[in-house]
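Let's take a walk through a protein model, starting with the whole and then picking out some parts. Keep the picture handy as you read.

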Amino acid sequence: MLNIIYKFKYTIISFLLLILSIIIIVNYANIETKIEVFLPGYKPGKPITEIDNPAVKNLVKMALKFGDKTNISIIYKSDIPLNKPGSLAKLRLLQSKLEKMENVRTVISILNYPGSEAYIFNDSIDIENIPDYLKTFISRDGHYALFLAIVEVNGQVEPIVRRITKDLKDEPVIVLSEASVNNKLFDELKRSMFFYPIVMFIVILLIFTYQTQCIRAAIISLFIPILASLYTYALYFFFGGYVNVLTAMVPSFLIIIGSAYPLHFYNAIFRTEDARKQIGIPIFFSMVTTAIGFISFLFVKIPAFREFGVLVSLGLLIDFILTLTTGHELLNLSKFKSKRPPKTFGIRYFGNHVAMFILAIVIIAVAISPFIISKIKVGLTSTDYFSKKSDIVKGYEILEKEFGIRDSIYIVLEKKAGVFLPGDNKIIDKIINELSKSEYISSLDFPRNVPITVLVLASRTQPLLKHYIADGKTIRLTVNLTTSGSENLDKVSEIINNCLKEYNYDFYLAGTPFVWKAVNDSILLSQIQSLIAALSIVFLTILIVFRNFSEALKLVSPVIFATILNFVYMALFKMKLEISTALTSSIIIGLAIDYSIHIGHDYNKTKNIFTSVKNVGPAIIGNALGIIGGFLTLLFGGELAMFKRIAILVSLGIATATVLTLTTLPFMLSFGDIREKVKALRKRKEVRK
């Protein structure tokens, strides 16, 4: 009995740590879905007031001044045009229902907007003659109405919005707000933490079972990274970590990547008596270089990226340790009970002619890549998170198509001296008329048919007007942006600044779109920083390990080519450079360099490229198929489009790197040997002469 315990000591320890990890995760797990997690300076669980960012500061300043908590846009679809007699009956019922809801402070719509009663006849809207400022609330064809619900919140916004959305589920409406996006993200993240790992497990299990010819070995190869994921999360939660849209993907990445180490180990058992000694070194350096690809996110200022990089790197280290301890015990047992050796897939080196042909195609593609890559757009919006079938995306499409609105920002006007007077009405009219001429601005919303002094007085008793009037010295205009306006916020800001500089007001611009812009600006910088850091550190690591500059350059070439082509694929599929796609380059670098290391390490021992490809090629193919199959599962189920973009790009990148590693890399590694053989042959001929 003691001999069995000693023989499987690491397995027993791993099982005890598993129980402890589950207890920690159940008691300490937290999820964070806000867009602010992608801003430099964000601290999980802390208020956004601690973020040192102008866009956030203006948003907070405005919210405090006007008493904002959250605004909810509710798009109502009428079964008959709202200009037909009696068509407003259902609209009034919905308005009444919204106003009676708990936490709803006020509701603004075409029914109660100041001055709108002049355009309501026979319980219908005179759509043809309504002024521009009322067109914000009625679609061009009269089939849609827009309600703005001002919600008062004492704690978390998201539960209240979730309750309101649930109460409206039987109504023909779509509820839109940042809280709605957060709720949808929360649901999808919870789902992705369970659904995708399970599906990935099944897909990779089938692939590994076929390659290893042993279901026990395939299960163990997947069981080890699952253990690593749970240990990693336990440590993360124990020290106060929050799962966000990036860190929720850690288990999926560890299952896909970490399963490669036990797979290589099991294949090595059939080639050598001491697999741990022989394969441990290349697996270690594979782990290090892969971790470098992720740890490069430490050079990024965005906390969510840094946490994701650290967690995956930590998980890979734990996975490596488990492979050489628990994996060593269990995989040797699997080999002892296995009846067949792993499949080779018929892998062999296809010769120099094939390699040169593929290399020529890649070089041509890389040469023209700058012209293709230049077409990639940079940016992320709330709809970029989700697939087209999501209600969030459908709602924004209706806003754009039927109301001509994509996003809204605010102009907060403050009187430098005194208070707003009737004479300010004319100035506000001039500002609105001038800004409305811009192609970037759909409309501006501010009650204009009532003297501003009356509005200020009435705002003390009418909650609706508090949305526009903070006090006698501070008001705000809602600027509804077109799609091009949302994509050109700098230009919009410039137009507004030029318009307002001639008036005697202090002002600032605020709104969630500016926060998204701050995130987008940091994404581009983060991509450049992480990419340069990953390539540099990986190359230096390879150079230190192989101690030959020329050989190190050859070994990283498949990764460099695959990284460049990754951006080409992005352009061809018309993907933006945003949070999800910004991850893929470093991921490909971290994953694909493993293949080069295994080929290079084996070649240094055999000095025969045909033998090296035959030795490690099957495990590389098995791992690549596992990675591709694992990531492609992200295409199925769920509404998070960003996961689907990662799936496509990483799968294409790994496929590209695998082909290059098994064709062009062997050619380049053996090129020096070929030249030496040619020189030796020439010398022999000269001697004979």
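Here is a tour that goes from the overall build to a sheet, some helices and a few single residues.

**The whole protein**

First things first: this is a predicted model. The protein has 25 helices and 11 strands. If you lay its C-alpha trace along the principal axes, the trace spans about 105 × 70 × 45 Å. Of the 689 residues, 57% are buried. Now take the contacts between residues at least 6 apart in sequence: 80% of these join residues at least 24 apart.

**A sheet with a helix on it**

Let's look at one sheet. It's an open one with 4 strands, in the order 2-5-1-6, and the pairing is antiparallel. Its edges are strand 2 (104–108) and strand 6 (173–176), each of which pairs on one side only. On average, neighbouring strands here are turned by 25° against each other, if you ignore direction.

How many bridges join strand 2 to strand 5? There are 4, and these two strands run antiparallel, with strand 5 covering residues 144–151. To see where they line up, find V107, which stands opposite A149 in strand 5. Helix 5 (residues 157–167) packs on this sheet and touches strand 1 (70–77), strand 2, strand 5 and strand 6. The direction of helix 5 makes about 15° with that of strand 1.

**Two helices, checked for length**

You can check a helix by comparing its end-to-end distance with the span expected at 1.5 Å a residue. Here are two that you can try yourself.

| Helix | Number of residues | Expected span | C-alpha distance between ends |
|---|---|---|---|
| Helix 7 (residues 215–238) | 24 residues | 34 Å | 34 Å |
| Helix 14 (residues 391–403) | 13 residues | 18 Å | 17 Å |

For helix 7, the two values agree. For helix 14, the 17 Å reach is close to the expected 18 Å.

What comes just after each helix? After helix 7 you'll find G240, with a positive phi of about 90°. Helix 14 is followed by G404, and its phi is positive too, near 70°.

Helix 14 has some more to show. At its start, a side-chain oxygen of S390 reaches to within 3.2 Å of the backbone nitrogen of I392. That I392 is one of the buried residues of helix 14, along with V393, G395, Y396, I398, L399, E402 and F403.

**A few single residues**

Two threonines come next. Is T661 buried or exposed? T661 has 0% relative accessibility, so it counts as buried, the cut-off being under 20%. You'll find T661 in helix 24 (residues 641–662). Leaving out residues up to four places away in sequence, T661 touches P558, Y595, S596, I599 and P666.

T272 sits in the loop between helix 9 (260–269) and helix 10 (275–295). Its relative accessibility is 24%, so T272 counts as partly exposed. S252 is 20 residues away from T272 along the chain, and their C-alpha atoms are separated by 31 Å.

Finally, the cysteines. How many disulfides does a search of the whole structure find? The search finds 0. Two cysteines to look up are C214 and C499. C214 has a relative accessible area of 9%, so it is buried. C499 is at 1% relative accessibility, so it counts as buried as well.

Key: Residues numbered from 1 in each chain as written. Heavy atoms only, no water. Pairing = 2+ DSSP bridges. Axes fitted to C-alpha atoms, helices over the stretch in contact; angles between N-to-C directions. Contact = heavy atoms within 4.5 Å. Buried < 20%, exposed > 50% of the residue type's maximum accessible area, 1.4 Å probe, protein only. Disulfide = S-S within 2.5 Å. Expected span 1.5 Å × (residues − 1). Polar contact = N/O pair within 3.5 Å; in protein donor to acceptor, adjacent residues only side chain to side chain.
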